[in-house]
Amino acid sequence: MMNLKNILFGAMLLVAASSCQKQEEDLVFGESPDVRMKAKIDSINNALTTAPNGWKATVGTGLKGGYGFYMDFDDQQVVKMVADLTDASATKIEGSNYRVKQDNGATLIFDTYNYISMLNDPNPSVYNGTIREGLRSDLEYRFLRSNADSIIFVGKRYSQQLVLAKATAAEKDAYNTGAYKTSIDKTKAIFQSFKNPYIEVNIGGVATKLALSIFSGTKTLDIGSVLPDNKTVLNTFKFAFNLKGFDILAGGNHRDLVFTKGEVEGNSIFIHDIAGNKYEIKNSANPILPIEVMFSFDGAFNAITVAGTKQPEGVSSSFNSIWTALVNFHAANGMVTHSVNFRLSTSKVAVLDVRFQSGSTVYLASAEYNYTLTDGVLKLTAPIATNGNWNNGWVSTAVRNYFSGGEFKLTYISGSDPNAGTLGGLIKVSDPAAIFYGKLSKL
């Protein structure tokens with residue numbers, strides 16, 4: 001019989017031989033992973049630095065919309081850029097360091113402070129970001145894919161795409177000579193001329209009007225329409241300004257259409273879809289979609305929101321004095337009014353959330369009501385549930401009385417701030433001069 005020791009020794013020789021053979025195959029049929037990664041990093045660096053006219057770029061954020069850039073990378077690991085964040089950033093070329101390194105894949109890292117860093121800055125005074133997360137935008141972007149004219153990276157933490165597209169010589173010159181700001185200003189001015197913008201499209205052979213809400217401040221675009229079953233659909237897209245108008249970032253889908261960009265032609269703006277069609281943004285004296293259709297617990301809007309200490313400007317209402325009293329009450333007690341949201345949380349329950357803030361801590365006072373909503377008339381019961389901060393008096397009596405047992409007419413509201421978004425209001429049936437109003441939103 002063969003000795004057991006000899007059997008084990010033979011098995012070890014087979015394993016060793018197999019291991020050697022596998023290593024030889026790796027070297028014969030492909031480079032080692034380290035060599036392949038170095039080649040990938042060298043390829044990305046080469047692409048970034050040899051684009052003769054630099055790159056147009058867009059990046060999304062988690063808390064607001066999209067932002068546009070022009071970037072020019074050199075072989076000394078310096079990138080120069082302009083951006084659409086502010087008037088200054090659109091004209092002043094700033095340089096910072098960058099590098100491409102191995103970090104769970106080939107990763108583009110912005111090492112020193114630049115305009116992209118402003119989107120990540122946790123100091124709210126820099127660019128209105130949150131204390132911990134800024135606008136939820138990254139400084140490190142993992143390589144995703146590329147072709148001859150573009151490179152796409154994705155943020156390592158917040159998964160927002162950074163899309164680079166090669167610029168032309170004319171575009172490089174325009175970005176470097178201040179034309180970016182000129183284009184942004186013209187696009188914004190046309191936005192502000194719209195009262196109730198819309199486009200006309202064809203969906204399934206049916207002529208359909210799509211209502212638009214364009215927010216230059218948050219860099220977002222809302223598109224809404226009514227479905228055949230009389231329900232509504234609302235999609236929110238991020239956009240970034242470019243030299244001709246704006247780019248709609250990835251995911252511009254509304255029903256059967258995919259929108260990609262908006263371009264200024266003279267004093268008009270045309271929305272383009274992925275199929276090459278373009279639609280002129282038109283203006284209506286009245287909202288295109290009835291608020292009775294748009295506003296419901298499962299509709300395009302289900303909430304009316306006032307953020308911060310100021311209401312939207314240019315609306316006459318006796319509720320304004322109630323609002324001012326609430327803000328002053330919070331201030332007198334060492335707090336700052338953070339927001340007030342009225343929302344339909346279910347088909348039967350409405351919620352009033354009043355938030356107030358001390359330092360970085362936000363507190364909530366909340367009340368729930370039963371409601372009915374019929375033909376645009378909303379009826380509330382007295383509160384059916386309240387939380388501790390409500391019970392402890394952090395909501396003024398006037399605000400409580402306004403909503404408790406109230407009957408309201410739901411309506412659109414016109415203000416004087418073109419950047420305030422689509423406003424909605426609750427007009428008290430017993431006192432038509434009393435209107436609670438704010439931005440229509442989906443919460």
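Visitor: In what sense do S26 and strand S27 pair, and over how many bridges?
Guide: In this predicted model, S26 and strand S27 (residues 435-441) pair in the antiparallel sense, with five bridges between them.

Visitor: How many residues lie between them in the hairpin?
Guide: Six residues separate S26 and S27 in that hairpin. Within the pairing, glycine 424 stands opposite glycine 438 in S27.

Visitor: What about strand S25, in what sense does it pair with S26?
Guide: Strand S25 (residues 407-413) also pairs with S26 in the antiparallel sense, and six bridges join the two.

Visitor: Which residue in S26 is the bridge partner of phenylalanine 408?
Guide: The bridge partner of phenylalanine 408 is lysine 428 in S26.

Visitor: Why is S26 described as largely enclosed by the rest of the structure?
Guide: Strand S26 covers residues 423-428, and five of its six residues are buried, so the rest of the structure largely encloses it. Buried here means under 20% relative accessible area.

Visitor: Changing topic: what percentage of the whole protein counts as buried?
Guide: Of its 443 residues, 43% count as buried. The exposed area of the protein is about 21800 Å², of which carbon and sulfur atoms supply 51%.

Visitor: What is the radius of gyration, set against a compact globule?
Guide: The protein has 28 Å, whereas a compact globule of 443 residues would have a value near 22 Å. The C-alpha trace spans about 100 × 70 × 50 Å along its principal axes.

Visitor: And how many helices and strands are there?
Guide: The secondary structure comprises ten helices and 27 strands.

Note on methods: Residues are numbered from 1 along each chain as its sequence is written. This is a predicted model: local features need pLDDT of at least 70, side-chain atom pairs count only at pLDDT 80 or more; totals for chains, interfaces and linings use all residues. Side-chain values use heavy atoms; hydrogens and water are left out. Buried means under 20% relative accessible area, exposed over 50%, partly exposed in between (1.4 Å probe, protein chains only). Helices (H or I, at least four residues) and strands (E, at least two) are DSSP runs, numbered from the N terminus. Two strands pair if DSSP finds at least two bridges between them. The radius of gyration is taken over C-alpha atoms; the globule rule is 2.2 Å times the number of residues to the power 0.38. Accessible areas come from the Shrake-Rupley method with a 1.4 Å probe; for residues, only the protein chains shown count as cover.
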